[in-house]
Amino acid sequence: MDQHDFDRFAWNLSEEFTFLNATLQGAERDDIDIPHQIAEDRIDEYPVVASIDTVVFPKLAAPLFIGRDFSRRAVEAAQDEDLPLLVVAQRDPNIEFPTVTDLYAMGTEVTIGRVLRMPDGTQSVFCHGEFRVEILEVVHERPYLRVKGRRFTEPVEIEEDIEILMRAVLALYEKIVFLSQSIPEEALVAAMNLEDPGWLSDLITSTLSISISKRQAVLEMLDPITRLSQTSITLAEELDVLELENQIHEQVQQQMDHSQREYFLREQLRAIQEELGEGDEFNRDVLELRQRITESEVPEEVRAKAEKELTRLAAMPSMAPESGVVRTYLEWILDLPWGEAGPDNMNVLDAEKVLESHHYGLEKAKERIIEHIAVRKLAGDNMRTPILCFVGPPGTGKTSIGRSVAQALGRKFVRISLGGIRDEAEIRGHRRTYIGAMPGRVIQTMRNVGTVNPVFMLDEVDKMGFDFRGDPASALLEVLDPEQNHAFSDHYLEVPYDLSNVFFIATANNPYTIPPALLDRMEVIEFPGYASFEKNLIARKYIIPRLLCEHGLEDTGLRFTEAAIDAVIQNYTYEAGVRNLERELASICRKVARRTAEGRKTHRRITPSTVESHLGPPRYEQTRIEEEDQVGVATSLAWTEGGGDLMQIEVIIMPGKGGLLLTGQLGEVMQESAQAALSYARARSDDYGFGDIDLDKVDIHIHVPEGAIPKDGPSAGITLAAALVSAITERPIRRDVGMTGEITLRGRVLPIGGLKEKLLTARRGGLKTVIIPQRNEKDLVDLPRHIRRNIDIKLVNHFDQVLAIALLGQPESAKAVPQPSN
């Protein structure tokens, strides 16, 4: 296409979209005369204009350039006789005087808009397509071609599948308009405002840079759906071509820009180095890396890999993109500690003193560390380094004791937090094929610590997630498996790294969220919550001296009474650990420090009354037992991540249809426990004295207060059953009795977990008797005596024993039940 043809094509598009936009904008106004197709097909006579390079479509405007004499006569005849004009494309554009056999059989009836005389003697006829017309016979060929033809109409019925096809075509067309430089955006706007599938197909086809034969093929398709489907195929083909052209253009442009820029910078660098009298810095880096490899103590397998990569680096141009990747890889290998071990303290007594001076209690953890030091002293390198997992509520000292362990062993301490990690590459690293690839956090930490035997803490191991990027918990299996971690494989390094000398300590709040395979590789040590007197002792012995030092109050004589510390514990904290206790004590110290710095008088002795003046009104009200025995209200002992809690269970009976209503945001397991408790109670209705009550005529409502807090688990089973029996028989439950245990449909009481936390909360709540499963008797051995003090613990294995302890009064038909054991 020469420049003249291109100008004509651009003018054609501009005129066409101008007319089309005016047509669409005026479609809703009555003063615009828009041509419409007639209701049925008919035969008319038409003067014919043979088009060399244009296919006119119905409902679209197009300019015709008339240069041949017989075409001008046809236009004049149409104007003189007020006839429509028929525009038909030539099969061969090189024929100067075409006959009807040289034309396609299908053309377009057009309405002549205006005629302009051009400077070169030709005419420009602006016309508007109306209908498709099929040539039937020739009327005459001279002085112009005149034929009879049948014009076609097309019904417009928009169905759902047609709308889907139209949306797909518009989506393809939008991409083509974005990539093409020859199609204006007005064409896309016009297409998006069309609701006729045939019209949409004709408009899109008229704007594409395709051959006359392809346009004519679309014109000859009378079915609008078939036409639109063909347009979709044509659009897909054109889109592939445009995308390829655009990609090739961008690649060529980028390559040229990069090559020119690289050449220019390289010449500048060479000139600067020559001017300064310096050698090639790249070669100096290669020599330095080679010397480091020779002097390092890396294993032979790693040395061979490093030398191979160094050979590749030396053969690369200094400005090659991959040279930076290889150089970074070699630096990572050489920076890692391969044989540099830190000191190892083998003095058992010194290690025990260090642990005792930093932490109160935690006997199991301390004992395990001392045992490790003792065995290491005797067995040397023959023993395996243990992998421990500290499990307990927040604030119980899991993370801080890790530092104490490192200090007791004389090793360096490192810590990474795994909470929220979802990508396997965080543990095993990225492969070097990715841009910006790095080793995993394990290898990064080992490089930072600089020794092969640090104390390595994996914090919050229970809070890892997983998604499409992999499962980091599965990647940890190799790290924490003594059988595998001597040859840990990081995706970035691609060489084995020995982690067998690392003392791994993991921490978790909830062991049930740790994958079983990972939990099996670790030795679990539980960190239970602290009792109030333990928190008081920790505050006086550890927390307050440190806070006085940190706040500059050591010489002021400030001291806390035991009653003041108890007031802070009971009224301003609600936790199993001591983290919030430390925050509140620090708040008091800050207020005292401010008054001291301002020169104002301040309290030197913190009492319960001064605590409230510093911290404000109490924030927590300790859960206490009911003031009197009530019907249908039982006290359950619950375990939470923050320790233990008392949970009241309320049951009422009301007229109804035998329904069971559960409220209080109960989980699925707890709901099933309530169903099991009700089923068991109904099965033993005669034994419990309510056999004459028709439970199908009453509704039972079970509610657990504090409905905003989710509750779940099976350990409230016997409490639910006791409250049900109490409500149905109207026998009150002792208010000073708490209970925990899972119930079966045969009335058996199954064991539960979290016993220490539950007993601690029972003691804080003022309960005198606690009912627990018989099979939990083994857990009482490890409980300190102060926890069991002033609490009567009843061991039961059947629900009848629970009722004998908790319910007041006796049913008329009650049978003898076995007595519980103390």
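The expected span of a helix is taken as 1.5 Å times one less than its number of residues. Put to work on this predicted model, that rule handles helix H10 nicely: its 15 residues (321–335) should span 21 Å, and the end C-alpha atoms sit 22 Å apart, which agrees. A good part of H10 is tucked away, with Ser323, Val326, Tyr329, Leu330, Trp332, Ile333 and Leu334 all buried.

One of those H10 residues, Tyr329, turns up again among the contacts of Arg432. Arg432 itself belongs to the loop that runs between helix H14 (425–428) and helix H15 (441–449). Despite being an arginine in a loop, Arg432 counts as buried, because its relative accessibility is 18% and the cut-off for buried is under 20%. Setting aside neighbours within four places in sequence, Arg432 touches Lys305, Glu309, Tyr329, Ala437, Tyr492 and Glu494. With Glu494 there is a side-chain to side-chain polar contact at 3.3 Å. Both residues also take part in a network of salt bridges, together with Lys305, Glu309, Arg312 and Glu322.

Salt bridges come up elsewhere too. In general, side chains of opposite charge can pair when their charged atoms come close. The structure holds 37 salt bridges. One of them joins Arg368 and Glu523, with N and O at 2.8 Å. This pair links distant parts of the chain, since Arg368 is in helix H12 (residues 363–379) and Glu523 in strand S13 (residues 523–526), 155 residues apart. Glu523 counts as partly exposed, at 32% relative accessibility.

Helix H20 (579–597) comes next. With 19 residues, H20 reaches 27 Å from first to last C-alpha, close to the 27 Å expected at 1.5 Å a residue. Buried positions in H20 are Leu581, Glu584, Leu585, Ala586, Ser587, Ile588, Cys589 and Val592. What do the buried residues of H20 pack against? The partners are helix H18 (532–550), strand S14 (559–560), H19, strand S15 (605–606) and helix H21 (608–615).

Glu584 is a charged member of that buried set, with a relative accessible area of 13%. Glu584 forms a salt bridge with Arg619, the closest N and O atoms lying 3.0 Å apart. Arg619 sits in the loop between H21 and strand S16 (633–640) while Glu584 is in H20, so the bridge ties together parts 35 residues apart in sequence. The arginine end of this pair is partly exposed, with Arg619 at 45% relative accessibility.

A second salt bridge involves Arg594 and Glu598, again with closest N and O atoms 3.0 Å apart. Here Arg594 is exposed, at 55% relative accessible area, and Glu598 is partly exposed, at 44%. Just after H20, Gly599 takes a positive phi of about 80 degrees.

On the other side of H20, Thr573 lies in the loop between helix H19 (562–572) and H20. At 3% relative accessibility, Thr573 counts as buried. The Thr573 side chain reaches back to the backbone oxygen of Ile569 at 2.7 Å. Thr573 and Arg583 are 10 residues apart in sequence, and their C-alpha atoms are 9.5 Å apart in space.

Finally, the surface has a nonpolar patch made of Leu244, Ile248, Val252 and Met256, with about 350 Å² of accessible area together. Leu244 is found in helix H7 (residues 224–276).

Technical notes. Residues are numbered from 1 along each chain as its sequence is written. This is a predicted model: local features need pLDDT of at least 70, side-chain atom pairs count only at pLDDT 80 or more; totals for chains, interfaces and linings use all residues. Side-chain values use heavy atoms; hydrogens and water are left out. Patches are made of residues with over 30% relative accessible area and no salt bridge: like charges are joined within 9 Å, nonpolar side chains (Val, Leu, Ile, Met, Phe, Trp, Tyr) within 5 Å. Accessible areas come from the Shrake-Rupley method with a 1.4 Å probe; for residues, only the protein chains shown count as cover. A salt bridge is a side-chain nitrogen of Lys or Arg within 4 Å of a carboxyl oxygen of Asp or Glu. Helices (H or I, at least four residues) and strands (E, at least two) are DSSP runs, numbered from the N terminus. Buried means under 20% relative accessible area, exposed over 50%, partly exposed in between (1.4 Å probe, protein chains only). A polar contact is a pair of N or O atoms within 3.5 Å; within protein, one must be able to donate a hydrogen and the other to accept it, and residues adjacent in sequence count only if both atoms are side-chain atoms. Contact means heavy atoms within 4.5 Å.
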